[in-house]
Amino acid sequence: MRVLLVRPPRIKKAIALGEFMYSEPIGLEMVYKVLEDKYEVEIFDMMADNMPLDEKIRAYKPQVIAITSLCIDVIKVLSISRQIKELNNSIVTIVGGTQAYLNPGAFMDSSMDHIMKYSNEKNLLKLYGEIEKVCEIPLIDGVLSKSRNYEDSKVPGVNEYILPNRKSTQKYRHNYSYFGYKPTAIMGTSRGCAKTCRFCLRWRIEGHAEEYFPMDMVKEDIRNIKEDYVMVFDNDFLHNSERINEICNFLEDEKINKKFICYASVHSILENKETVKRFKDNGLVALLVGYETFKSDELEYYEKKSTIDDNLEASRFLKSINVDVWASFMVHPDWTKEDFKGFRQYIKLLSPQVSSFSPLTPFPNLPLYKEYEDRLLVKKDDYESWSFGQITIRPSNMSLSSYYLETLKTNFYINLFTNNVFYMVKKFGIGRVIRLSQGSFNLLIKYLKLMAKNSKS
Ligand code: SF4
């Protein structure tokens with residue numbers, strides 16, 4: 001049986017906002033690993049490949065096509081599955097990935113044969129085995145099949161981390177990046193997050209305690225990576241000093257030189273300063289830190305487990321050991337003009353190498369959604385609007401136009417005065433910095449249009 005694993009192309013809205021960089025499709029590399037011994041499998045990454053889908057299908061002649069989905073991918077995935085069925089109705093279509101987990105109902109369409117809410121070695125082998133037999137598909141945990149009216153076994157589960165086969169994306173790998181670092185591989189060592197911040201979807205999907213992947217697998221994964229840069233996408237990688245030290249021992253013993261980028265909470269940075277220093281000596285180059293806000297009451301409301309003073313202490317500490325910080329913040333819908341001003345001053349005080357911010361977003365799967373339901377500016381099923389820094393909650397202390405204006409002012413302030421342009425040019429080269437800046441320019445156009453629309457209504 002021939003299987004094609006597809007990552008959809010970037011959606012237009014993302015490209016318009018300058019989000020043209022993308023990382024490797026690690027979920028597909030894991031599925032590839034499970035299936036490769038039994039079937040003929042190929043990954044078709046439409047973000048990196050220019051070949052049209054119909055041409056690919058005619059050339060490869062797959063019997064099964066599985067498509068991965070991100071949070072925003074519903075429309076794109078369905079247009080692909082419909083195109084597949086129009087070309088050849090006998091091809092079996094499958095969707096998996098984040099959106100299939102969060103919102104499987106969005107894919108209940110005549111063009112979709114199976115929705116994988118979650119995948120693990122067991123249900124993948126079972127589903128593909130049954131498809132190969134061309135018989136009636138039984139009820140499989142984590143799989144909703146059209147022939148069974150998308151019945152759900154209701155056995156809970158999450159996507160299993162399986163050692164990915166990185167060779168499966170060999171021809172595309174030079175394209176994969178993280179922020180400006182290219183080429184960069186991505187990997188995980190645990191899932192879940194004990195910090196349980198109020199606005200966060202991750203721990204709700206993965207669990208409110210960290211679950212660790214076997215250390216032998218983590219080591220094997222690092223050994224398999226050929227790229228110099230590695231982005232570890234654990235939610236709070238520095239929370240467990242013992243594990244980081246074990247990884248440092250391994251890197252030192254095997255003389256592995258990589259440059260690591262990871263997410264870390266302020267709480268974990270301050271709890272494990274000595275380990276962070278050791279990890280810096282073993283390749284840590286940049287941390288993505290969610291400082292979130294300059295207001296104590298908001299940090300409490302977000303249940304962040306750190307204070308405004310902790311943020312300042314963490315920023316001083318990371319500067320002292322020369323670890324770069326890419327800071328993220330959230331703009332609250334109840335902010336006043338004074339708040340925006342205070343926020344800009346606070347960013348200057350923290351002075352991370354790179355800052356970015358997004359409006360507080362009450363994703364439909366969060367309890368926050370209920371809290372803000374009567375102030376929402378975006379419909380629940382307008383999937384693509386939930387992910388691109390769009391203002392989704394009506395501001396309470398200024399008009400929507402003034403709020404857009406303050407957001408834009410802050411964006412320009414950050415890009416012109418606080419983001420370290422020399423740092424970025426030195427690290428990523430002028431070409432990539434110009435392309436990154438394109439996002440700000442496109443945001444300006446988008447917000448100006450929204451402001452004009454808003455003033456007419
Ligand atoms: S620390 Fe990060 S991943 Fe963990 S709950 Fe908070 S926002 Fe989510």
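This is a tour of a predicted model, stop by stop, with a selection to make at each one.

**Before starting**

Residues are numbered from 1 along each chain as its sequence is written. Because the model is predicted, local features need pLDDT of at least 70 and side-chain atom pairs count only at pLDDT 80 or more, while totals for chains, interfaces and linings use all residues; side-chain values use heavy atoms, with hydrogens and water left out.

**Whole chain**

Show the chain as a cartoon. The chain has 18 helices and 14 strands; these are DSSP runs, helices being H or I of at least four residues and strands E of at least two, numbered from the N terminus. Of its 457 residues, 56% count as buried (buried is under 20% relative accessible area, exposed over 50%, partly exposed in between, with a 1.4 Å probe and protein chains only). Among contacts with a separation of 6 or more, 73% are between residues 24 or more positions apart (a contact means heavy atoms within 4.5 Å).

**The mixed sheet**

Select β1 to β6. These six strands form an open sheet in the order β2-β1-β3-β4-β5-β6, with mixed pairing (two strands pair if DSSP finds at least two bridges between them). The edges are β2 and β6 (143–145), each with a single partner strand, so one side of each has no neighbour in the sheet. Neighbouring strands are turned by 20° against each other on average, direction ignored.

Now pick out β4 (residues 92–97) and β5 (residues 114–116), which run parallel and are joined by two bridges. Val95 has Ile115 in β5 as its bridge partner.

Add helix α3 (residues 53–60), which packs on this sheet and touches β1 (2–7), β2 and β3 (64–69). The direction of α3 makes about 165° with that of β2 (axes are lines fitted to C-alpha atoms, for helices over the stretch in contact, and angles run from 0 to 180 degrees between N-to-C directions).

Move on to Lys61, in the loop between α3 and β3. Its phi is positive, about 55°, although Lys61 is not a glycine. Lys61 is exposed, with a relative accessible area of 52%.

**The loop between β6 and β7**

Three residues are worth selecting here. Ser147 is in the loop between β6 and β7 and is exposed, at 57% relative accessible area. Draw a distance from its C-alpha atom to that of Glu136, 11 residues apart along the chain: the separation is 7.8 Å.

Asn149 lies in the loop between β6 and β7, and its phi is near 55°, a positive value in a residue other than glycine. Asn149 is exposed, with a relative accessible area of 70%.

Pro183 is also in the loop between β6 and β7. The peptide bond from Lys182 to Pro183 is cis, with omega near -5°. Most residues other than glycine have a negative phi, and most peptide bonds are trans.

**The parallel sheet**

Select β7 and β10 to β14. Six strands form an open sheet in the order β7-β10-β11-β12-β13-β14, and the pairing is parallel. β7 (184–187) and β14 are the edge strands, each pairing on one side only. From one strand to the next, the twist averages 20°.

At the β14 edge, six bridges join β13 (residues 324–331) to β14 (residues 354–359). Ser328 stands opposite Ser356 in β14. Add helix α14 (residues 337–350): with β13 and β14 it makes a right-handed β-α-β unit (right-handed if, with the strands pointing away from the viewer, the path from the first strand over the helix to the second runs clockwise).

**Aromatic rings**

Show the side chains of Phe, Tyr and Trp. A search of the whole structure finds 18 aromatic pairs (ring centres within 6.5 Å, using the six-membered ring of Trp; planes under 30 degrees apart are stacked, over 60 edge-to-face and the rest tilted). What is the angle between the planes of Tyr39 and Tyr128? The planes stand at 40° with the centres 6.2 Å apart, so the pair is tilted. Tyr39 is in the loop between α2 (26–35) and β2 (40–45), and Tyr128 is in helix α6 (residues 121–133), 89 residues apart. Both Tyr39 and Tyr128 are buried.

Phe260 and Phe279 form another tilted pair, 5.4 Å centre to centre with 40° between the planes. This pair links strand β11 (residues 259–264) to helix α11 (residues 273–281). Phe260 and Phe279 are both buried.

Finish with Lys259, which lies over the face of Tyr229, at 5.5 Å from the ring centre (the criterion is NZ of Lys or CZ of Arg within 6 Å of the ring centre and within 35 degrees of the ring normal).
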